[in-house]
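Subject: Structure handover

Hello,

Here is the structure for you to load. My notes follow below it.

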Amino acid sequence: MNKNSNGMKTLFSGIKPTGQLHLGNYLGAIKNWVDLQKKYDCIYSVVDLHALTIDIDAATLRKNTRELAVDLLALGINPKKSILCKQSEVTGHTELDWIFNCLIPVAELERMTQYKDMCVRQPKNVNAGLLTYPALMAADILIYGAEYVPVGEDQLQHLELTRVLARKFNNKYKKYFAEIQPILSKNIRVMSLNAPNKKMSKSLGETSYIAIRDNAATITKKIKKAVADEAGVKNLLELYKIFGETTKYKKFNRDLAKKQLMNSTLKDELTKSVLKFLKPVQKKIKYYDAHPLEVEKILSDGAKKAQVLADKNLLEIKKLVGLI
Ligand code: AMP
Ligand code: TRP
């Protein structure tokens with residue numbers, strides 16, 4: 001099902017607007033999203049409803065959502081090829097979510113690793129949304145009949161639950177939903193600059209990550225201060241492999257093997273290469289930040305296109321369930 005008129009299959013993915021997008025997010029997720037636009041009909045969503053499961057104030061949520069949409073556009077999500085929209089702007093996700101909530105046993109939701117982690121991370125805010133998070137995620141995907149879902153490894157358990165929900169629905173009503181397939185990014189795990197045995201993450205503080213929006217001085221300082229123990233150097237080299245020059249990368253590796261690698265040289269070269277990569281990206285960010293109405297129009301056009309697909313499927317789903 002849902003091969004569109006151009007014969008391409010539908011792919012869906014979402015990202016939460018919970019803070020600055022960093023190089024870990026780019027290399028582990030967004031770069032893949034950009035490449036997948038060639039092969040699939042992609043729907044990419046800024047999942048603002050999911051962001052409500054953490055304690056976030058209205059102004060911050062609004063700002064994060066707009067900035068994330070801008071960052072995605074600047075990094076290569078092409079609204080002429082793909083649909084880029086805001087989750088909350090397409091109605092129906094939450095309706096299908098409710099239908100799924102009524103199909104999934106609480107015990108299955110309580111088993112989710114992310115739920116258990118979040119209960120520890122925000123013990124004062126164990127809201128019901130944290131528990132039912134994966135049902136909304138399943139609705140995000142299945143409302144479009146998407147079959148392919150690029151995610152990081154941490155989200156595989158949620159995708160498995162999506163498959164379980166689709167099966168439960170198909171068994172109870174009628175075979176309607178296809179089996180979804182995860183698409184994993186090519187094993188890229190960018191480590192923290194300040195704690196290289198953990199993955200680069202907003203939760204480890206600002207010195208842990210390089211944000212797509214960081215200025216040159218900040219990036220220079222962060223890389224200069226990066227922990228350069230064995231794991232740290234390995235991470236810096238991995239980053240240099242991606243952003244730097246192959247010949248120099250090979251030389252750094254030879255130097256490392258001979259215990260002659262100068263960390264300061266590696267750091268200087270990495271800084272240069274990251275800045276070179278980010279220069280055109282930040283130019284686009286500056287443009288879109290200065291033209292917020294253009295960004296709003298891209299998102300609302302995306303939402304309109306997504307709404308047509310969602311409405312069509314939701315109508316059929318409601319009929320199957322007996323709501324219509
Ligand atoms: P999050 O920051 O957890 O909202 O992550 C958004 C996406 O970026 C997910 O698909 C993650 O798997 C991916 N991601 C986050 N941090 C990293 C990292 N350090 N290395 C690789 N991928 C990452
Ligand atoms: N839970 C995902 C994450 O934290 C974000 C997300 C929400 C998502 N809905 C989705 C990812 C649907 C893929 C498909 O990264």
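How far is a polar side-chain atom of Gln155 from a nitrogen atom of ligand 2? The two atoms lie 3.0 Å apart. That is a polar contact (a pair of N or O atoms within 3.5 Å; within protein, one must be able to donate a hydrogen and the other to accept it, and residues adjacent in sequence count only if both atoms are side-chain atoms).

Some conventions before the rest. This is a predicted model, so local features need pLDDT of at least 70 and side-chain atom pairs pLDDT 80 or more, while totals for chains, interfaces and linings use all residues. Residues are numbered from 1 along each chain as its sequence is written, chains are lettered from A and ligands numbered from 1 in the order written, and side-chain values use heavy atoms, without hydrogens and water.

Ligand 2

Ligand 2 is surrounded by 13 residues, each with a heavy atom within 4 Å of it. The closest are Lys16, Tyr133, Met137, Asp140 and Gln155. A polar side-chain atom of Tyr133 sits 2.6 Å from a ligand 2 nitrogen. For a side-chain N or O atom of Asp140, the distance to a nitrogen of ligand 2 is 2.8 Å.

Ligand 1

Ligand 1 also has 13 residues around it. Gly24, Asn25, Gly28, Val190 and Met200 are the closest. Two backbones reach nitrogen atoms here: an N or O atom of Val190 at 2.7 Å, and one of Met200 at 2.9 Å. The side chain of Asn25 places an N or O atom 3.1 Å from a ligand 1 oxygen.

Helix packing

Helices are DSSP runs (H or I, at least four residues), numbered from the N terminus. Axes are lines fitted to C-alpha atoms over the stretch in contact, with angles from 0 to 180 degrees between N-to-C directions.

Take α10 (residues 230-243) and α12 (residues 263-290). Their axes come within 9 Å and cross at roughly 40°. That makes α10 oblique to α12 (neither under 35 degrees, nor over 145, nor 65 to 115). Contact means heavy atoms within 4.5 Å. In α10, the residues meeting α12 include Leu236, Tyr240 and Phe243. On the α12 side, Leu266, Leu270 and Phe277 are among them.

Now α4 (residues 93-101) and α13 (residues 292-321). Their axes come within 11 Å and cross at roughly 30°. The two are therefore roughly parallel. Glu95, Leu96 and Ile99 in α4 meet Leu314, Ile317, Lys318 and Val321 in α13.

Best wishes
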